[in-house]
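I opened the model to look up the annotated positions and to follow their surroundings outward. These are my notes, in the order in which I checked things.

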Amino acid sequence: MRPHFFCAGFYVRGGGKKVSVMLPDQNEQTLAHAAIIAGIGVHTGVPVRMVVRSAPAGAGVVFVRSDITDRDNRVPALAHNVTKTTLGTVITNAAGVSVSTIEHVMAAFAALSIDNVIVELDGPEVPIMDGSALPFVQLLDQAGFRRQAVPQQVIEILKPVEVIEGDKRASLKPADQFEVRFEIDFPGTPIGHQVVDLAITEQSFRDELSAARTFGFLEGVEALRKAGLARGGSLDNAIVIDGDVILNEGGLRFADEFVRHKALDAIGDLYVLGMPILGRFEGIRAGHGLNNALVRALLSRPDAYRIVTRGAALADVG
């Protein structure tokens with residue numbers, strides 16, 4: 001079975017009452033074949049080779065550090081394993097083995113409905129590639145998809161849950177599909193005020209979000225590098241802004257590429273719930289930290305969600 005969640009000092013299998021709702025039939029999915037990609041870590045600057053492989057039904061997303069052999073090198077991508085959220089999401093197992101910057105590949109897994117997958121890395125960080133999720137979508141297409149003999153489970157949002165930090169906020173609300181709304185505001189920059197609001201399907205993710213790249217400001221690069229971050233960052237893997245100028249040759253892929261990337265990040269950050277969401281996410285100036293705080297807030301509220309099985313009959317909530 002999929003690993004249990006950990007929250008508020010106790011283990012729960014999704015929390016609340018495990019019930020079923022009538023959703024379109026869909027079994028869990030893994031990959032048909034292994035596929036390989038290589039690049040550098042945006043923060044470590046370390047070259048890394050990544051292999052995605054099929055995993056058994058119920059396994060979930062599990063990262064494996066193949067360069068570590070003296071202790072447990074498996075790190076399940078689940079909420080209780082998230083240990084850092086500064087400019088990326090880091091997961092760590094009980095043996096202290098970490099994998100960083102998982103959010104872009106996790107967004108691809110979520111959007112393409114990959115429930116079970118092994119992600120082998122020979123370094124500490126997922127390669128940044130071009131700064132978007134598009135290379136990972138292409139990697140998964142190369143691997144192909146295989147349905148498994150177990151119905152997919154979904155986490156259904158029953159009541160609103162919100163976290164607030166100053167002028168930043170993130171929430172999950174009931175909805176009959178997975179929707180994402182994100183709003184950012186960077187006055188006095190080429191970003192300005194941007195909003196994206198989408199029903200997230202595989203096709204909408206491929207068309208509207210997957211190619212949106214991460215971004216940063218040139219004036220902050222040196223401070224980030226002194227802090228041990230952005231050592232692999234470049235114009236090849238991020239949109240870089242200098243004052244009122246975008247430095248990347250060719251400019252933007254979308255007029256509102258910045259907020260589209262923030263929505264992409266949120267989809268990846270939410271997938272540490274371990275299953276797809278039936279509900280609406282709304283973020284205002286939120287980042288990885290607030291996204292993870294929202295996940296933990298949801299898991300601490302068993303009355304706010306339930307686990308539903310695709311293709312089963314609806315049960316009353318009580």
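The entries below go from the annotated site to a helix pair and then to one further residue.

**Entry 1, the annotated site.** I am working with a predicted model, and I began with the UniProt record, an unreviewed entry, whose "binding site" annotation covers His104, His261 and Asp265. I then asked how far apart the C-alpha atoms of these residues lie, given that they span 162 residues in sequence. No two of those C-alpha atoms are more than 9.4 Å apart, so the annotated residues gather at one spot in spite of that span.

**Entry 2, His261.** I located His261 in helix 5, which runs over residues 257-270. Is His261 buried or exposed? Its relative accessibility is 1%, and because the cut-off for buried is under 20%, I noted His261 as buried. Setting aside neighbours within four places in sequence, I found His261 in contact with His104, which the annotation also covers, and with Gly131, Ala212, Arg213 and Thr214.

**Entry 3, Asp265.** Asp265 is likewise found in helix 5, and at 8% relative accessibility I counted Asp265 as buried. With neighbours within four places in sequence again left out, the contacts of Asp265 are Glu103, His104, His288 and Asn291. His104 therefore appears in my contact list for His261 and in the one for Asp265, contact being heavy atoms within 4.5 Å.

**Entry 4, what packs on helix 5.** I next looked at helix 3, residues 202-209, which packs with helix 5 at an angle of about 140 degrees, the axes being 10 Å apart. I recorded the two helices as oblique to each other, because the class of roughly antiparallel needs an angle over 145 degrees. Helix 3 passes helix 5 in a left-handed crossing. On the side of helix 3 the meeting residues are Phe205, Glu208 and Leu209, and on the side of helix 5 they are Arg260, Ala263, Leu264 and Ile267. Sorted by class, this contact holds five nonpolar and two charged residues, with no polar ones.

**Entry 5, Asn291.** Since Asn291 had come up as a contact of Asp265, I followed Asn291 into helix 6, residues 288-299. At 2% relative accessibility, Asn291 counts as buried. Beyond four places in sequence, Asn291 is in contact with Asp265, Ala266, Asp269, Phe281 and Ala286. I also noted that Asn291 and Ala170 are 121 residues apart in sequence, while their C-alpha atoms are 6.6 Å apart in space.

Note on methods. Residues are numbered from 1 along each chain as its sequence is written. This is a predicted model: local features need pLDDT of at least 70, side-chain atom pairs count only at pLDDT 80 or more; totals for chains, interfaces and linings use all residues. Side-chain values use heavy atoms; hydrogens and water are left out. UniProt positions are given in the numbering used here, feature names are shortened, and annotations may be inferred rather than shown by experiment. Buried means under 20% relative accessible area, exposed over 50%, partly exposed in between (1.4 Å probe, protein chains only). Axes are lines fitted to C-alpha atoms, for helices over the stretch in contact, and angles run from 0 to 180 degrees between N-to-C directions. Angles under 35 degrees count as roughly parallel, over 145 as roughly antiparallel, 65 to 115 as roughly perpendicular and the rest as oblique. A crossing is left-handed if the near helix is turned anticlockwise from the far one by less than a right angle, and right-handed if clockwise. Ala, Val, Leu, Ile, Met, Phe, Trp, Tyr, Cys and Pro count as nonpolar, Asp, Glu, Lys and Arg as charged, and the others, Gly among them, as polar.
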